[in-house]
Amino acid sequence: MASAFRLPAHGTRSPAPHSGPGAPPGQRGRPGTPAGPAADSAQAFSLRLFGAGLASAELMTCFLGLELGLYEALRRTGPATAARVAEESGLDARMVREWLEQQSCAGVLTVDAPGAPPEARRFTLPPAHAEALLDADSPNWIAPLVVMPIGGMAAVLPQLVEAYRNRRGLPYAAYGEALRGGQAGLNRGVFEHHLPGWIGRHLPDIDARLRVPGGSIADVACGSGLSTLALARMFPDAEVHGLDLDEASIRDAEANLAATDPAEGLRERVRFRAGDAGEAGRTGEAGHTLVCVFDALHDMSAPVDVLRACRRLMAPGGAVLLMEPSVGERFTPVAPDSERFHYAVSVLHCLPVGMSRTPSAATGTVMRPDTVRAYAAEAGLDTSVIDVGHPFHRLYRLSARPG
């Protein structure tokens, strides 16, 4: 599971530089950083974890703001008192005031006349913050990253503890709706804003074949179907078939299809079904010009079986297109923040999901290029690695080996 957002260079407030374990990798141990606790001291590590704990708690308050409609209420009202926001959102004024003050201290909201009586203070959601929190079409939309770890991953922590203790995985369905929605939202911007250009530039032969009648696409592990719908919009002459093992995800996908504008004509060209990707292509489903697996192969218990199925689904001269996390060629503890994110998601979600069925390849989110090459070779596919210049995503084009 990867994400579509860009890592901000600075937050709303810039903390003083530090050189402890919590410093950015490029600053760790750098001469000339301000004096403070020794980088390897217990105090420095405690300070680092305090910062992480603070960030986690503030993320939870942002989750409340999204789930309770408080950010939406503030965007509708403009500068408003706690009583006005409470009225707009149907909540208790005292509880809303506490949240508003906390959000102001966190730098999410601004407040007029902070020295005024509490009831008179007016709070504002800045337009840039409203865009990041509320505008799903913006490339800066960050709300899914709030919903997914807090509503999805944190909610299953007791089950995850037991899964680790019992040396077993945790099925995808256990993570629930918040995880499904958050994961879909994180990649939505990539599918809508980046994928068309990536296919056009890096798979021009496939792009050309899909722009004439008769082409078809298989979207394996389609999730809630956002990638499937994006592919159908890219190629208006192609049929697109979405497949996913998770029945709840397929229901989400069908609901998303039903919500499309009839004028787009997607309902006539897009189909979804629930099923095991590893078994695909055994019942006359072959002949697809393009077979896609987006941000999912690393979650699968049997990735080689799935790639073999993709090979069966592919038409002669077609291609399998993988989108996977853009991680380093090899492990290093001084990793960029994007790889730290992938590792955390792997521990909390992707590896347990991949190990929920046996036997399992136990891949995890940090699937490095050599691992992809090895899986593809075992499935009878050649691999071309495509660096699209994205901080979180890398593409792989897989082609059938002769014979």
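**Contacts, aromatic pairs and confidence**

Student: Leaving aside neighbours within four places in sequence, which residues is Arg122 in contact with?

Tutor: This is a predicted model, in which local features need pLDDT (the predictor's confidence in each residue, from 0 to 100) of at least 70 and side-chain atom pairs count only at 80 or more, while totals for chains, interfaces and linings use all residues. Residues are numbered from 1 along each chain as its sequence is written, and side-chain values use heavy atoms, without hydrogens and water. With contact meaning heavy atoms within 4.5 Å, the partners of Arg122 are Pro79, Ala80, Thr81, Thr110, Val111 and Asp112.

Student: What does Arg122 count as at 39% relative accessibility?

Tutor: Buried means under 20% relative accessible area and exposed over 50%, with partly exposed in between (1.4 Å probe, protein chains only). At 39%, Arg122 therefore counts as partly exposed.

Student: How many aromatic pairs are there?

Tutor: Rings of Phe, Tyr and Trp (its six-membered ring) pair if their centres lie within 6.5 Å; planes under 30 degrees apart count as stacked, over 60 as edge-to-face and the rest as tilted. By this rule the count of aromatic pairs is 4.

Student: What kind of pair do the rings of Phe191 and Phe294 form?

Tutor: Their centres are 5.5 Å apart. Their planes stand at 40°, so the pair is tilted.

Student: How many residues apart in sequence are the parts that Phe191 and Phe294 tie together?

Tutor: Helices (H or I, at least four residues) and strands (E, at least two) are DSSP runs, numbered from the N terminus. Phe191 lies in helix H8 (residues 176-202) and Phe294 in strand S6 (residues 288-294), so the pair joins parts whose separation in sequence, in residues, is 103.

Student: What is the relative accessible area of Phe294, which is buried?

Tutor: Its partner Phe191 counts as buried at 7% relative accessibility. Phe294 is also buried, and its relative accessible area is 5%.

Student: What kind of pair do Phe341 and Phe392 form?

Tutor: The ring centres of Phe341 and Phe392 are 5.9 Å apart. Their planes are at 85°, so the pair is edge-to-face.

Student: Where does Phe392 lie?

Tutor: Phe341 is in helix H13 (residues 337-354), 51 residues away from Phe392 in the chain. Both Phe341 and Phe392 are buried. Phe392 lies in the loop between strand S8 (381-386) and strand S9 (393-400).

Student: Over which residues is the pLDDT below 50?

Tutor: The chain averages a pLDDT of 90, and 90% of the residues score at least 70. Where pLDDT is low, the predicted coordinates should not be read in detail. One stretch has 59 contacts beyond near neighbours in sequence, yet its pLDDT is below 50: residues 2-34.
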